[in-house]
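Biologist: Please show me the model, and let me ask how each label was earned.

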Amino acid sequence: MATRVDINMALAEKLAMDAAERGVRAATLEARSIAVVLLSQPGTGRMYRRGKTVEHQASAPGEPPAPDTGRLRQSIQTEVVRGTREVIGIVSANTEYAAGLELGTEKVRPRPYLSRIPREFGKRLQDVFTKFAGI
């Protein structure tokens, strides 16, 4: 007696993509949370005065930008894009000076805050992905 097994590949692929999307969405939100924490750390760079009463301690080169107005931190956004065979999570900062701080400029050395997330927190993001994807 033979046993027959039919596999609905379209359904299997949809279920796999749904799981991947859940995992990517959760990991992307976790990455955003990490970015917000990084952008909430006080700086260790030079002190300067803004106006007559406001003193600010800047970040040192190589550390995330120190909070001043909070605008950069508030601009951190996420997006999850689902294609036919992939799911992509995007974390971005939406201010005119975000890239200059991340990458540096002619006058300012880099203060990386987004690019360090996968490098320093990759295992944490993988764990979140695994948990929410149900792997």
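Modeller: This is a predicted model. Glu-63 is a place to start: this residue lies in the loop between E2 and helix H2 (71-74).

Biologist: Which side chain of opposite charge is nearest to Glu-63, and why is there no salt bridge?

Modeller: The nearest one is Arg-111, at 6.8 Å. A salt bridge needs a side-chain nitrogen of Lys or Arg within 4 Å of a carboxyl oxygen, so buried Glu-63 has none.

Biologist: What makes the approach of Glu-63 to Thr-44 a polar contact?

Modeller: The two side chains are 2.7 Å apart, and the cut-off is 3.5 Å. The side chain of Glu-63 also reaches the backbone nitrogen of Ala-60, at 2.9 Å. Setting aside residues up to four places away in sequence, Glu-63 touches several others, including Gly-43, Pro-112 and Arg-116.

Biologist: Why is Ser-75 called buried?

Modeller: Its relative accessibility is 9%. Buried means under 20%, so Ser-75 counts as buried. Ser-75 sits in the loop between H2 and strand E3 (76-82).

Biologist: What does the side chain of Ser-75 meet there?

Modeller: A polar atom of that side chain lies 3.1 Å from the backbone nitrogen of Asn-94. Beyond its neighbours within four places in sequence, Ser-75 is in contact with Ser-92, Ala-93, Asn-94 and Thr-95.

Biologist: What makes a group of residues a nonpolar core, and which residues form the largest one here?

Modeller: The members must be buried residues of nonpolar kinds, joined through side-chain atoms within 4.5 Å. The largest such core has 11 residues, among them Ala-31, Leu-72, Ile-76, Tyr-113 and Leu-125. Helix H1 (9-38) and helix H4 (116-133) each supply at least two of its residues. The largest share, four residues, comes from H1. In soluble globular proteins, nonpolar side chains tend to be buried together.

Biologist: Which residues does Ile-76 touch?

Modeller: Among them are Arg-32, Ala-35, Leu-39, Val-91 and Tyr-113, with residues up to four places away in sequence not counted.

Biologist: How do you know that Asp-18 and Lys-14 form a salt bridge?

Modeller: Their closest N and O atoms are 2.7 Å apart, and the limit is 4 Å. Both residues lie in helix H1, four residues apart, about one turn of the helix.

Biologist: What ties Asp-18 to a part far along the sequence?

Modeller: Asp-18 also meets Arg-82 in a salt bridge, at 2.8 Å from N to O. Asp-18 lies in helix H1 and Arg-82 in strand E3, so the pair ties together parts that are 64 residues apart in sequence. Lys-14, Asp-18, Glu-21, Arg-25 and Arg-82 are linked in a network of salt bridges. The whole structure has 11 salt bridges.

Biologist: Why are Lys-14 and Arg-82 called partly exposed?

Modeller: Lys-14 has 46% relative accessibility, and Arg-82 has 34%. Partly exposed covers what falls between the limits of 20% and 50%, so the label fits Lys-14 and Arg-82.

Biologist: How do you know that E1 and E2 are paired strands?

Modeller: Pairing needs at least two bridges. Four bridges join E1 (residues 47-50) to E2 (residues 54-57), and the strands run antiparallel. Arg-50 has Val-54 as its bridge partner in E2. Three residues lie between the strands of this hairpin, where Gly-51 takes a positive phi near 75 degrees. The side chains of Arg-49 and Glu-55 meet in a salt bridge at 3.1 Å, N to O.

Definitions and conventions
Residues numbered from 1 in each chain as written. Predicted model: local features only at pLDDT ≥ 70, side-chain atom pairs only at ≥ 80, totals over all residues. Heavy atoms only, no water. Buried < 20%, exposed > 50% of the residue type's maximum accessible area, 1.4 Å probe, protein only. Lys, Arg positive; Asp, Glu negative; His and termini not counted. Polar contact = N/O pair within 3.5 Å; in protein donor to acceptor, adjacent residues only side chain to side chain. Contact = heavy atoms within 4.5 Å.
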